[in-house]
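Colleague: I've got a new model open and I'm not sure where to begin. Could we talk it through together?

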Amino acid sequence: MHRLPDVPGRVALPAPAPTPAAPKAPRTPPPLEHFNTAPADEAVRTLLDCLNSDRWARRLAAHRPYPDPPSLLAAADEAAYDLTPADLAEALSGESPPRLPAGTHGAAHTALGAAVAAYERKFGHTFAICLDGLGPTEAPDRILEGIRSRLANDPEEERLVTADELRRLARGRLAGVLAGATAPEQRTWGT
């Protein structure tokens with residue numbers, strides 16, 4: 001029978017060979033840092049995806065860098081409050097037509113189509129509404145309710161309401177970009 005020799009004290013086991021370190025992926029800057037350091041034309045394109053107003057986008061891009069997301073969002077709000085009627089028309093030209101969630105009853109599509117047509121006849125532009133925080137089942141009723149109530153507005157009152165809805169849409173889309181979304185989500189119609 002074979003016996004191991006007695007060794008006084010402890011016997012150290014050899015340490016395992018170190019495993020090679022995985023190559024480090026290049027650091028991806030946080031969205032605000034990327035926005036702050038991007039070339040001006042790239043920043044403007046990102047902002048135009050949030051609100052199709054060239055003056056609004058250029059104004060925000062020109063005031064970079066922003067120290068934090070709330071500062072950028074506050075600047076976006078301030079710039080949106082200064083939109084001229086021409087800026088609003090430009091912004092509205094970039095909004096999507098109404099789309100209802102899949103599975104919405106056909107009668108809702110018919111009612112929405114008629115309401116949108118009446119709105120566009122009266123005001124001469126696309127209906128814009130911010131639906132942030134609403135679920136897909138709430139969107140159709142909110143859209144129809146919004147159109148019906150806003151049809152009672154005079155053109156100047158509706159211009160102010162529309163400007164505020166566009167400001168809210170731009171803010172929500174920009175917040176999405178700052179949260180790491182690759183492209184602003186088109187949320188006008190709850191999709």
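What follows is a chat about this predicted model, one question at a time.

Colleague: Let's start with the overall layout. How many helices and how many strands are there in the chain?

Modeller: Reading along the sequence, you get the pattern α-α-α-α-α-α-α-α. Every symbol in that pattern is an α. The tally for the chain is eight helices and zero strands.

Colleague: Okay, and what share of the residues counts as buried?

Modeller: A residue gets that label when its relative accessible area is under 20%. The chain has 191 residues to go through. The share that counts as buried is 35%.

Colleague: Which percentage of the contacts between residues at least 6 apart join residues at least 24 apart in sequence?

Modeller: Here we look at contacts between residues at least 6 apart in sequence. Ala128 and Leu166 show how sequence and space can differ: they are 38 residues apart along the chain, yet their C-alpha atoms are separated by 6.7 Å. For contacts joining residues at least 24 apart, the figure is 69%.

Colleague: Now the helices. How do helix 2 and helix 8 sit relative to each other: parallel, perpendicular or oblique?

Modeller: Helix 2 covers residues 40–50 and helix 8 covers residues 155–178, and their axes come within 8 Å, crossing at roughly 130°. Angles from 65 to 115 degrees would be roughly perpendicular and those over 145 roughly antiparallel, so an angle between those two ranges gets the remaining label. That makes helix 2, relative to helix 8, oblique.

Colleague: What kinds of residues make up that contact?

Modeller: From helix 2 come Thr46, Leu47, Asp49 and Cys50, and they meet Ala170, Arg173, Leu174 and Val177 of helix 8. Sorted by type, the contact of helix 2 with helix 8 has five nonpolar, one polar and two charged.

Colleague: On to the rings. How are Tyr119 and Phe127 arranged?

Modeller: There are three aromatic pairs by the ring-centre rule. For Tyr119 and Phe127, the ring centres are 5.0 Å apart and the planes are at 80°. Planes over 60 degrees apart get a name of their own, so this pair is edge-to-face.

Colleague: Are those two residues buried or exposed?

Modeller: Tyr119 has 0% relative accessibility, and Phe127 has 1%. The cut-off is under 20%, so Tyr119 and Phe127 are both buried.

Colleague: Which residues form the aromatic cluster?

Modeller: You've already met two of the members, Tyr119 and Phe127. Add one further Phe, and the cluster is Tyr119, Phe123 and Phe127.

Colleague: What kind of peptide bond runs from Arg64 to Pro65?

Modeller: Most peptide bonds are trans. Pro65 is in the loop between helix 3 and helix 4. The bond from Arg64 to Pro65 has omega near 0°, and it is cis.

Colleague: And which ring does Arg64 lie over?

Modeller: Arg64 is 5.7 Å from the ring centre, over the face of the ring. The ring belongs to Phe35.

Colleague: Last one: which residues does Ser53 contact beyond its sequence neighbours?

Modeller: Ser53 is in the loop between helix 2 and helix 3. With 0% relative accessibility, Ser53 counts as buried. Leaving aside neighbours within four places in sequence, its contacts are Leu48, Leu83, Asp87, Glu90 and Ala91.

Conventions
Residues are numbered from 1 along each chain as its sequence is written. This is a predicted model: local features need pLDDT of at least 70, side-chain atom pairs count only at pLDDT 80 or more; totals for chains, interfaces and linings use all residues. Side-chain values use heavy atoms; hydrogens and water are left out. Rings of Phe, Tyr and Trp (its six-membered ring) pair if their centres lie within 6.5 Å; planes under 30 degrees apart count as stacked, over 60 as edge-to-face and the rest as tilted. Buried means under 20% relative accessible area, exposed over 50%, partly exposed in between (1.4 Å probe, protein chains only). A charge sits over a ring if NZ of Lys or CZ of Arg is within 6 Å of the ring centre and within 35 degrees of the ring normal. Axes are lines fitted to C-alpha atoms, for helices over the stretch in contact, and angles run from 0 to 180 degrees between N-to-C directions. Helices (H or I, at least four residues) and strands (E, at least two) are DSSP runs, numbered from the N terminus. Angles under 35 degrees count as roughly parallel, over 145 as roughly antiparallel, 65 to 115 as roughly perpendicular and the rest as oblique. Contact means heavy atoms within 4.5 Å. Ala, Val, Leu, Ile, Met, Phe, Trp, Tyr, Cys and Pro count as nonpolar, Asp, Glu, Lys and Arg as charged, and the others, Gly among them, as polar.
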